[in-house]
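Reader: Could you take me through one part of this model closely and then show how it connects to its surroundings? I'd like to start from a single residue and work outwards.

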Amino acid sequence: MEKYLCTSCGNCVDICPELWKIDEDGFSHLKGSIKIDKNEGIELEDLECSIEAAENCPVACIHVYEDEEEIA
Ligand code: SF4
């Protein structure tokens, strides 16, 4: 997730509150993630919720990969 692109719309939190929250800085944060450069990342078993969040992010800053291939 490219946090620096987030517009704080809240869509990801509405769709997938177990994974996303609006952080103290006002931008979305991927819970339990690690920082990779300017991005946040996490490994997940179930991708369904993340895919829906990615498809509803207005600035396309959520990316979902499976077997190193971007699927959303
Ligand atoms: S859907 Fe995208 S722009 Fe909206 S809060 Fe989540 S990460 Fe930020």
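In which element is D14 found?

Author: Happy to. This is a predicted model, in which local features need pLDDT of at least 70 and side-chain atom pairs count only at pLDDT 80 or more, while totals for chains, interfaces and linings use all residues. Residues are numbered from 1 along each chain as its sequence is written, and side-chain values use heavy atoms, with hydrogens and water left out.

D14 is found in helix 1. Helices here are DSSP runs of H or I with at least four residues, and strands are runs of E with at least two, numbered from the N terminus. With a relative accessibility of 63%, D14 counts as exposed. The scale is this: buried is under 20% relative accessible area, exposed is over 50%, and partly exposed lies in between, with a 1.4 Å probe and protein chains only. From D14 we can step across to A53: the two are 39 residues apart in sequence, and their C-alpha atoms are 8.7 Å apart in space.

A covalent link also starts just after this helix. C16 and C49 form a disulfide, with 1.8 Å between their sulfur atoms. C16 lies in the loop between helix 1 (11–15) and strand 1 (20–22), and C49 lies in helix 2 (residues 48–55), so the pair ties together parts that are 33 residues apart in sequence. The rule asks for a pair of cysteine sulfur atoms within 2.5 Å, and by this rule the count comes to one disulfide. Both C16 and C49 are buried.

Helix 2 has another contact worth a look. I51 has its place in helix 2 and, at 24% relative accessibility, counts as partly exposed. Its C-alpha atom is separated by 7.8 Å from that of I71, which is 20 residues away along the chain.

Back at helix 1, the segment before it deserves some time. C6 lies in that segment and is buried, with a relative accessible area of 12%. C6 also pairs up in space with a distant residue: C61 is 55 residues away in sequence, with 6.6 Å from C-alpha to C-alpha. S8 is found in the segment before helix 1 as well. S8 has a positive phi of about 65 degrees although it is not a glycine, and it is partly exposed, with a relative accessible area of 30%.

C6 brings us to the ligand. There are 13 residues around the ligand, and the closest are C6, C9, G10, C12 and C57; a residue counts as near if one of its heavy atoms lies within 4 Å. Two of these cysteines fall on opposite sides of the burial cut-off: C12 counts as buried at 9% relative accessibility, whereas C9 is partly exposed at 42% relative accessible area. By class, the shell around the ligand has eight nonpolar, five polar and no charged residues. In this scheme Ala, Val, Leu, Ile, Met, Phe, Trp, Tyr, Cys and Pro are nonpolar, Asp, Glu, Lys and Arg are charged, and the others, Gly among them, are polar.

The ligand sits in the largest cavity, meaning that more than half of its atoms lie within 2 Å of the grid points. On a 1 Å grid over the protein atoms alone, a cavity is a set of points where a 1.4 Å probe fits but cannot get out, a pocket is an open set with protein on both sides within 12 Å along at least five of seven lines, and lining residues have an atom within 4 Å of a point. The largest cavity has a volume of about 90 Å³. Of the 14 residues that line it, C6, C9, C12, S28 and C57 are the closest to its centre. Its lining has nine nonpolar, five polar and no charged residues.

The largest pocket has a volume of about 470 Å³, a volume being the space filled by probe spheres set on points joined across faces, edges and corners. Among the 20 residues lining this pocket, the closest to its centre are G41, I42, H63, V64 and Y65. Strand 4 (39–41) and strand 5 (65–66) are the elements that give two or more residues to this lining; strand 4 gives the most, with three. By class, the pocket lining has ten nonpolar, four polar and six charged residues.

One last stop is D37, in the loop between strand 3 (34–36) and strand 4. D37 has a positive phi near 55 degrees without being a glycine, and at 74% relative accessibility it counts as exposed.
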